[in-house]
Amino acid sequence: MSQIICNNCKGANDPVNKFCSNCGTILDGSVQEDVQEPSSSTKTIRSSGNYSGKMIKGKKSKGWKIFRNIIIGLVLLGVLTLVIWFQVDPDAGKKLTDALMGIAFMAVFFFVGWLFMRGKKRKTNYDWDDDQYSDVADDDD
């Protein structure tokens with residue numbers, strides 16, 4: 001059976017294909033006879049989707065490094081601010097404890113409110129009460 005060989009990846013394709021089934025390159029239509037199938041000892045990787053050639057950004061991307069450096073800078077600035085504050089203000093420890101306790105109480109309050117509201121279901125339909133229209137005459141009487 002005649003096969004078309006991709007110039008990019010040297011993969012075998014059917015003559016009706018316009019694109020390589022392995023790498024997606026446009027096939028030029030050159031037919032080669034008697035193409036050997038890959039042996040069982042070689043591993044071939046076949047793509048089942050469209051490959052655009054763009055890599056997905058991971059944690060080593062430039063944007064991630066900038067974000068990480070900003071976070072590290074903010075943490076260091078916060079620690080430096082706390083050190084200076086504790087040296088200047090003798091009541092800094094009590095003030096910091098009061099502020100952290102206030103934040104903790106607010107967090108507990110919002111968490112309890114979230115738990116309470118999570119149990120409630122929102123009404124999407126109006127439940128009409130028949131007693132509301134008791135002054136209207138019924139046809140059943």
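A disulfide here means a pair of cysteine sulfur atoms within 2.5 Å. Keep that cut-off in mind for the first stop of the tour, and remember throughout that you are looking at a predicted model.

**Stop 1: the cysteines**

Select Cys-6 and Cys-23 and show their sulfurs. The cysteine sulfur closest to that of Cys-6 belongs to Cys-23, and the gap is 3.6 Å, so the two are too far apart for a bond. Now pick Cys-9 and Cys-20. The sulfur of Cys-20 is the nearest one to Cys-9, again at 3.6 Å, and Cys-9 is in no disulfide. How many disulfides does the rule give? The count is zero.

While those residues are still selected, turn on a surface. Is Cys-6 buried or exposed? Cys-6 is buried, at a relative accessible area of 1%. Cys-9, by contrast, is partly exposed, with 33% relative accessibility.

**Stop 2: Lys-10**

Step along to Lys-10, which sits in the loop between β1 (3-5) and β2 (12-13). Check its backbone torsions: phi is positive, about 65°, although Lys-10 is not a glycine. Most residues other than glycine have a negative phi, so this one is worth a click. On the surface view, Lys-10 comes out as exposed, with a relative accessible area of 58%.

**Stop 3: zoom out**

Switch to cartoon and colour by secondary structure. You should find two helices and three strands. In which pattern do they follow along the sequence? Read that way, the chain goes β-β-β-α-α.

Next, colour by relative accessibility. The chain has 141 residues, and 8% of them count as buried. Its accessible surface comes to about 13400 Å², with carbon and sulfur atoms contributing 60% of that. If you like contact maps, draw one now: among contacts with a separation of 6 or more, 26% are between residues 24 or more positions apart.

**Stop 4: the salt bridges**

Searching the whole structure turns up two salt bridges. Start with Lys-95 and Asp-89, whose side chains meet with an N to O distance of 2.8 Å. How accessible are the two partners? Asp-89 is buried, at 17% relative accessible area, while Lys-95 is partly exposed, at 44%.

For the other bridge, select Asp-98 and Lys-94; their closest N and O atoms are 3.1 Å apart. Where do these two residues lie? Both are in helix α2 (residues 92-119), four residues apart, which is about one turn of the helix. Asp-98 is partly exposed, with a relative accessible area of 44%, and Lys-94 counts as exposed, at 55% relative accessibility.

**Stop 5: aromatic rings**

Finish with the rings. The structure holds four aromatic pairs. One of them is Phe-109 with Phe-110: the ring centres are 5.7 Å apart and the planes meet at 65°, so this pair is edge-to-face. Draw a centroid on each ring, and you can check both numbers yourself. A pair of aromatic rings is described by exactly these two things, the distance of the centres and the angle of the planes. Put the surface back on for a last look: are Phe-109 and Phe-110 buried or exposed? Both are exposed.

Definitions and conventions. Residues numbered from 1 in each chain as written. Predicted model: local features only at pLDDT ≥ 70, side-chain atom pairs only at ≥ 80, totals over all residues. Heavy atoms only, no water. Buried < 20%, exposed > 50% of the residue type's maximum accessible area, 1.4 Å probe, protein only. Contact = heavy atoms within 4.5 Å. Areas by Shrake-Rupley, 256 points an atom, 1.4 Å probe, with all protein chains shown as cover. Salt bridge = Lys/Arg side-chain N within 4 Å of Asp/Glu carboxyl O. Phe/Tyr/Trp six-rings, centres within 6.5 Å; stacked < 30°, edge-to-face > 60°.
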